[in-house]
Amino acid sequence: MLASMSTRLLVCNGNALLLRKVWCFSEVARIHNHVRFRGRADSLDGPLTLESLGFKRKLERESTDKSIEVEKPKAAPYAVKTFSELEKPNAANIPPKTKAKPNRRSEVKAVGVKSSLEIEAAPFAAKMFSELDLPPLLIEQLDRVGLTVPTEVQSTAIPTISKNHDVVIQSYTGSGKTLAYLLPILAEVGPLSRGFDREEAEKKMGIEAVIVAPSRELGMQIVREAEKLLGPANKKVVQQLVGGANRSRQEEALKKNKPMIVVGTPGRIAEISAAGKLHTHGCRFLVLDEVDELLSFNFREDMHRIVEHVGKRSGAVLQSTKQSPLARRSERQTIMVSATMPFSVIRAARSWGCDPLLVRAKSVIPLESAPASGSVSLSAPSSQTSSATTQGTSESLPPLLKHYYCVSRAQHKIDTMRRCIHALDAKSVIAFMNHNKRLKDVVFKLEARGMKAAELHGDLGKLARSTVLKKFKDGEVRVLVTNELSARGLDVAECDLVVNLDLPTDSVHYAHRAGRTGRLGRKGNVVTICEEPEIFVVKKLQRQLGIPFQACEFTEGKLVVSEEEGAAKNTILL
Ligand SMILES: Nc1ncnc2c1ncn2[C@@H]1O[C@H](COP(=O)(O)OP(=O)(O)OP(=O)(O)O)[C@@H](O)[C@H]1O
């Protein structure tokens, strides 16, 4: 099989290199079939409906528009804001879940539109976790840890994943994407699942779910989130396989604890799998968190191994129409997650998943009909910023964030940041830079001026990284000076200010950095400190993201903004 593969380099949007494995014969045939299928489906089979997704039996359609969508969230990612606004759970709206995978080729055909009235009755308008057809034990655990109201993306993703669809989940940073995929997995796998039989589970050898994340920190964060729900007695159900930790200890734990879910970085998962110590062929779920990052050149070989060895390639099975429901159940379900969705993700999702659906807050559409948000390089001159790009990337940003930029000479940037922190009275700050070597210098200068700071980057050992992160989370460190490593997934609820001491390379990187603040409906500020000749880059970012960046400066302990060049300056009173 390996011999029939060729490797091809694709250039996406001028700057993102994506290495994609192409199965010369089977893939060409699959694409051919797929194109033929879509052509027929589009013309003959009518729109995608909630019914076709398995959500509701009969819904009236009012138009032929190409999406199932309702109003976008205005502020917080919750469907409701207070408990008094909650309606009684209406379980009748959630149809019974079919155990077998639906035949997606016949069910997901085209797209249709829903009125907001109809969508309110559908399961993805759920206002409490108990409305989402999750097992009682899981609901109990959610209650125990104080989680009762799903975020919008959770109330959309959970029923869609529970219906066995391959999905790409795209929603802005801090909107709760981790639980959006963890909950439907825990509903099927492990001691909180419906009808769990411990004896049966102990006899099983293989892993049931593999979750891949691009950094150790993110991997460990996902493990913590899963452990929180599983409780201390069931902690061993999930195991981390992250790089930087002792590999043989991880292998021993796999053998001894027989976990059902593993969470890890691509390198370590691929390494242990290649050594024959990780049995994932019968795996039911493959999650690729921060999938656009996992597609980067560095991970290509490890990702190839993972995608080839975890579960079965569901597309191949579905080519045969005579599969029994049981045979179909053994397919892997692929869940891809990101706040940003460049073209590379769409390509990968088509290749790795089977007719994947794009799940956003209150919207489910076939991926095929989704416009992608490209990561547009800021260094390359380009005047063409497509509306698709703008739309997609701005949707990656938390709605309550405020974006500012401030001009400063290079040698004064640290001082400007210090004044910015005082002016905004920020308690927990993440400062991003592009080069590791300069992080230490910034920390040194901040500390010299009495501001508690620490550096975090990939050259630090695992223990040092964990210690720094813990201190930052506990409030012992006020300013975390870091690089792109922390831009993805880092979840520190208290972070109220992000500072770009160096400009990010593109709008996608800006979105991920900015998303470290304003999480889960909180307020947050992002201040980009740039030099005079870099202002055009900031303006370009502004256009690409489709959001306003206010020019500002910090004088007499206050933030002073001027909305337009030459316009009168306004002091923001804090
Ligand atoms: N329904 C909920 N109610 C309360 N808190 C929640 C809920 N869902 C998630 N959270 C919390 O919100 C925080 C952000 O969630 P999470 O890290 O999953 O966001 P994300 O969308 O994956 O962000 P990113 O794109 O930056 O990785 C976490 O601390 C999580 O525990």
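Biologist: Which residues does Asn234 contact, leaving aside its neighbours within four places in sequence?

Modeller: Asn234 is in contact with Pro191 and Arg198, with those neighbours left aside. This is a predicted model. Here contact means heavy atoms within 4.5 Å.

Biologist: Where is Asn234 found?

Modeller: Asn234 sits in the loop between α8 and β5.

Biologist: Why is Asn234 called buried?

Modeller: Its relative accessible area is 14%. Buried means under 20%. The value 14% is under that cut-off, so Asn234 is buried.

Biologist: What about Lys236: where is its place?

Modeller: Lys236 is also in the loop between α8 and β5, and β5 covers 238–241.

Biologist: What makes Lys236 buried or exposed?

Modeller: Lys236 has a relative accessible area of 54%. Exposed means over 50%. The value 54% is over 50%, so Lys236 is exposed.

Biologist: Which residues does Lys236 contact, leaving aside its neighbours within four places in sequence?

Modeller: Lys236 is in contact with Asn257 and Pro259, on that same count. The C-alpha atoms of Lys236 and Ile261 are separated by 9.1 Å. Those two residues are 25 residues apart along the chain.

Biologist: Now Asp292. Why is Asp292 called buried?

Modeller: Asp292 has a relative accessible area of 9%. The cut-off for buried is under 20%. The value 9% meets that cut-off, so Asp292 is buried. Asp292 lies in helix α11, residues 291–294.

Biologist: Which residues does Asp292 touch, not counting residues up to four places away in sequence?

Modeller: Asp292 touches Ser338, Thr340, Pro342, Val345, Arg488, Val508 and His512, with that rule applied. The C-alpha atoms of Asp292 and Met336 are separated by 9.0 Å, and these residues are 44 residues apart along the chain.

Biologist: Val345 also belongs to α15. What makes α15 mostly covered?

Modeller: Helix α15 spans residues 343–352, and seven of its ten residues are buried. They are Ser344, Val345, Ile346, Ala348, Ala349, Ser351 and Trp352.

Biologist: How many helices and strands does the chain have?

Modeller: The chain has 21 helices and 19 strands. Of its 574 residues, 56% count as buried. The accessible surface comes to about 25000 Å². Carbon and sulfur atoms hold 53% of that surface. Of the contacts with a separation of 6 or more, 76% are between residues 24 or more positions apart.

Biologist: How many disulfides does the structure hold?

Modeller: The structure holds zero disulfides.

Biologist: How do you know that Cys283 is in no disulfide?

Modeller: The nearest cysteine sulfur to Cys283 is that of Cys354, 17 Å away. A disulfide needs the two sulfur atoms within 2.5 Å. The distance of 17 Å is over that limit, so Cys283 is in no disulfide. Cys283 has 0% relative accessibility and counts as buried.

Biologist: How do you know that Cys406 is in no disulfide?

Modeller: For Cys406, the nearest cysteine sulfur is that of Cys552, 4.8 Å away. That distance is over 2.5 Å, so Cys406 is in no disulfide. At 3% relative accessibility, Cys406 counts as buried too.

Biologist: What is unusual about the phi of a residue other than glycine when that phi is positive?

Modeller: Most residues other than glycine have a negative phi. Asp133 has a positive phi of about 60° and is not a glycine. Asp425 has a positive phi of about 50° and is not a glycine.

Biologist: Why is Asp133 called partly exposed?

Modeller: Asp133 has 30% relative accessibility. Partly exposed lies between under 20% and over 50%. The value 30% falls in between, so Asp133 is partly exposed. Asp133 lies in the loop between α3 and α4.

Biologist: What makes Asp425 partly exposed?

Modeller: Asp425 has a relative accessible area of 46%, which also falls in between, so Asp425 is partly exposed. Asp425 is found in the loop between α17 and β12.

Biologist: Last, the largest pocket. How many residues line the largest pocket?

Modeller: The largest pocket is lined by 36 residues. Gly176, Thr178, Glu225, Asp491 and Arg519 lie nearest its centre. About 830 Å³ of space lies in the pocket.

Biologist: Which helix gives the most to this lining?

Modeller: Helix α8 gives the most, with seven residues. By class, the lining has twelve nonpolar, twelve polar and twelve charged residues.

Notes
Residues are numbered from 1 along each chain as its sequence is written. This is a predicted model: local features need pLDDT of at least 70, side-chain atom pairs count only at pLDDT 80 or more; totals for chains, interfaces and linings use all residues. Side-chain values use heavy atoms; hydrogens and water are left out. On a 1 Å grid over the protein atoms alone, a cavity is a set of points where a 1.4 Å probe fits but cannot get out, and a pocket is an open set with protein on both sides within 12 Å along at least five of seven lines; lining residues have an atom within 4 Å of a point. Grid points are joined across faces, edges and corners, and a volume is the space filled by probe spheres set on the points. Helices (H or I, at least four residues) and strands (E, at least two) are DSSP runs, numbered from the N terminus. Ala, Val, Leu, Ile, Met, Phe, Trp, Tyr, Cys and Pro count as nonpolar, Asp, Glu, Lys and Arg as charged, and the others, Gly among them, as polar. Buried means under 20% relative accessible area, exposed over 50%, partly exposed in between (1.4 Å probe, protein chains only). Accessible areas come from the Shrake-Rupley method with a 1.4 Å probe; for residues, only the protein chains shown count as cover.
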